[in-house]
Amino acid sequence: METVYIKTPLGIATITGDENGISVISVSDEGTVSAEIPIVLLEAVLQLNDYFEGKRIHFDFKLNPKGTEFQQKVWKSLLEIPYGRTRTYLEQSKIMGDVKAIRAVASANGKNPLWIVVPCHRVIGTDGSLTGYAGGLWRKKWLLEHENPTTQQSLF
């Protein structure tokens, strides 16, 4: 496994993976940016930088997250939420076929190891509130605004 640390507008991102794909992307308030980028992580670094620069709305590098079969299913469903859109935990549970699994779905979202790329930040509370984000609600708010910026209306 290789690891690289990159600077983002939301903190220092840690990217871990190997030739089988990226297994972890996380963010922290502190850390030291890597001087070199391992070749197996280069595409992930480039695509994340493009995302933050507003040049990318989806990712196509290979993913290899570790989790239970249920978690994998939940994370796969997150990939179906379009850029700039949100879905509630209830909607996500319905799409997965079991409205009663809402707590389990929310728990699996919280264990998502691939920050931004598997977009758990696009899942909100039924009342529209920004709930449950391991990276901090301020980061969730920033990401949603980044993906769906408010355009200024003309006054005339």
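**Close-up views of a predicted model**

**View 1. An open sheet of three strands, in the order 1-2-3, is paired antiparallel.** Its edge strands are strand 1 (2–8) and strand 3 (21–28), each of which pairs on one side only. From one strand to the next, the twist averages 20 degrees. The model shown here and in the other views is predicted.

**View 2. Strand 1 and strand 2 (residues 11–18) run antiparallel and are joined by seven bridges.** Within this pair, valine 4 stands opposite isoleucine 15 of strand 2. Strands of a sheet pair through backbone hydrogen bonds, in either a parallel or an antiparallel manner.

**View 3. Helix 1 (residues 42–52) lies across strand 1, strand 2 and strand 3.** The helix runs at about 15 degrees to strand 1. Strand 1 and strand 3, both crossed by helix 1, are the edge strands of the sheet.

**View 4. Helix 4 (residues 102–110) has Val105, Ala108 and Asn109 buried.** Seen down the axis of helix 4, the buried residues fall within an arc of 105 degrees, so they line one face of the helix. In an α-helix there are 3.6 residues a turn, so residues three or four places apart point the same way. The cover over the buried residues of helix 4 includes helix 2 (69–78), helix 3 (89–95) and strand 5 (123–124).

**View 5. The largest pocket holds about 220 Å³ of space.** Lining this pocket are 15 residues, of which Asn112, Trp115, Cys120, Ala134 and Gly135 are the closest to its centre. Two elements, strand 3 and helix 4, give two or more residues to the lining. Strand 3 gives the most, with four residues. Strand 3 is also an edge strand of the sheet in View 1, and helix 4 is the helix of View 4 with Val105, Ala108 and Asn109 buried.

**View 6. Isoleucine 116 has a positive phi of about 70 degrees, although it is not a glycine.** Most residues other than glycine have a negative phi. Isoleucine 116 is placed in the loop between helix 4 and strand 5. Because its relative accessibility is 1%, isoleucine 116 counts as buried, the cut-off being under 20%. Of the elements on either side of this loop, helix 4 gives two or more residues to the lining of the largest pocket, while strand 5 (123–124) is among the elements that cover the buried residues of helix 4.

Technical notes:
Residues are numbered from 1 along each chain as its sequence is written. This is a predicted model: local features need pLDDT of at least 70, side-chain atom pairs count only at pLDDT 80 or more; totals for chains, interfaces and linings use all residues. Side-chain values use heavy atoms; hydrogens and water are left out. Two strands pair if DSSP finds at least two bridges between them. Axes are lines fitted to C-alpha atoms, for helices over the stretch in contact, and angles run from 0 to 180 degrees between N-to-C directions. Contact means heavy atoms within 4.5 Å. Buried means under 20% relative accessible area, exposed over 50%, partly exposed in between (1.4 Å probe, protein chains only). The arc is that of the directions from the helix axis to the C-beta atoms. On a 1 Å grid over the protein atoms alone, a cavity is a set of points where a 1.4 Å probe fits but cannot get out, and a pocket is an open set with protein on both sides within 12 Å along at least five of seven lines; lining residues have an atom within 4 Å of a point. Grid points are joined across faces, edges and corners, and a volume is the space filled by probe spheres set on the points.
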